[in-house]
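Student: I would like to take a close look at a single part of this structure and see how it sits among its surroundings. Could you walk me through one helix slowly, starting from the chain as a whole?

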Amino acid sequence: MGEERSTAEIIAASLATCLGPNTARTAVRTFADRALARRPEDLTRADVPALLDALRPMLRTLLGQDPADLVLAEIRARLAEPPARARRA
């Protein structure tokens with residue numbers, strides 16, 4: 001069985017498609033610290049809205065408004081799904 005990925009890992013993986021893996025991890029780490037004063041490994045699903053709101057201006061600058069909003073919506077949808085263990089119950 002594979003390990004369940006953390007919230008930060010899921011967000012970074014989603015961002016990696018447009019930013020690259022290293023930049024995506026750095027963005028999650030930087031904005032988790034600046035916006036939430038938390039380490040990426042301590043992020044919970046409840047932190048996602050605030051983190052994505054903090055990432056939005058940077059993503060809009062790098063990707064443009066519509067692509068950035070699409071990426072953020074995809075992350076929200078992905079994290080709205082219950083974790084794999086909860087779905088099997």
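Tutor: Of the 89 residues in the chain of this predicted model, 29% count as buried, and the secondary structure comes to five helices and zero strands, so that a reader following the sequence meets the pattern α-α-α-α-α. Among the contacts in the chain with a separation of 6 or more, 52% are accounted for by residues 24 or more positions apart.

Let us take helix α2, which covers residues 21-36, as the part to examine. With 16 residues at 1.5 Å a residue, α2 should span 22 Å, and because its end C-alpha atoms are 22 Å apart, the expected and the computed values agree. The buried residues of α2 are A24, A27, V28, F31 and A32, and seen down the axis of the helix they fall within an arc of 120°, which means that they line one face of α2. On the other side of α2, by contrast, N22 and R34 are exposed. Following the helix to its end, we come to A37, which has a positive phi near 55°.

What, then, covers the buried residues of α2? The cover includes α1 and α3, and each of these two deserves a look in turn.

Helix α1 (residues 7-19) has 13 residues and reaches 18 Å from its first C-alpha to its last, close to the 18 Å expected at 1.5 Å a residue. Its buried residues are T7, A8, I10, I11, A12, S14, L15 and L19, and they pack against α2, α3 and α4, the last of these being residues 65-80. Just after α1 comes G20, which takes a positive phi of about 90°.

Helix α3 (residues 48-63) also meets α1 directly: the axes of the two helices come within 13 Å and cross at roughly 10°, and α1 and α3 are therefore roughly parallel to each other. On the α1 side the contact is made by T7, I11, L15, C18 and L19, while α3 contributes V48, L51, L55, M58, L59, L62 and L63. Sorted by class, the residues in this contact of α1 with α3 are eleven nonpolar, one polar and no charged.

To return to the helix we began with, α2 turns one face of buried residues toward a cover that includes α1 and α3, while N22 and R34 lie exposed on its other side.

Conventions. Residues numbered from 1 in each chain as written. Predicted model: local features only at pLDDT ≥ 70, side-chain atom pairs only at ≥ 80, totals over all residues. Heavy atoms only, no water. Axes fitted to C-alpha atoms, helices over the stretch in contact; angles between N-to-C directions. Helix = DSSP H or I, 4+ residues; strand = E, 2+ residues; numbered from the N terminus. Parallel < 35°, antiparallel > 145°, perpendicular 65-115°, else oblique. Contact = heavy atoms within 4.5 Å. Nonpolar A, V, L, I, M, F, W, Y, C, P; charged D, E, K, R; others polar. Expected span 1.5 Å × (residues − 1). Buried < 20%, exposed > 50% of the residue type's maximum accessible area, 1.4 Å probe, protein only. Arc of directions from axis to C-beta.
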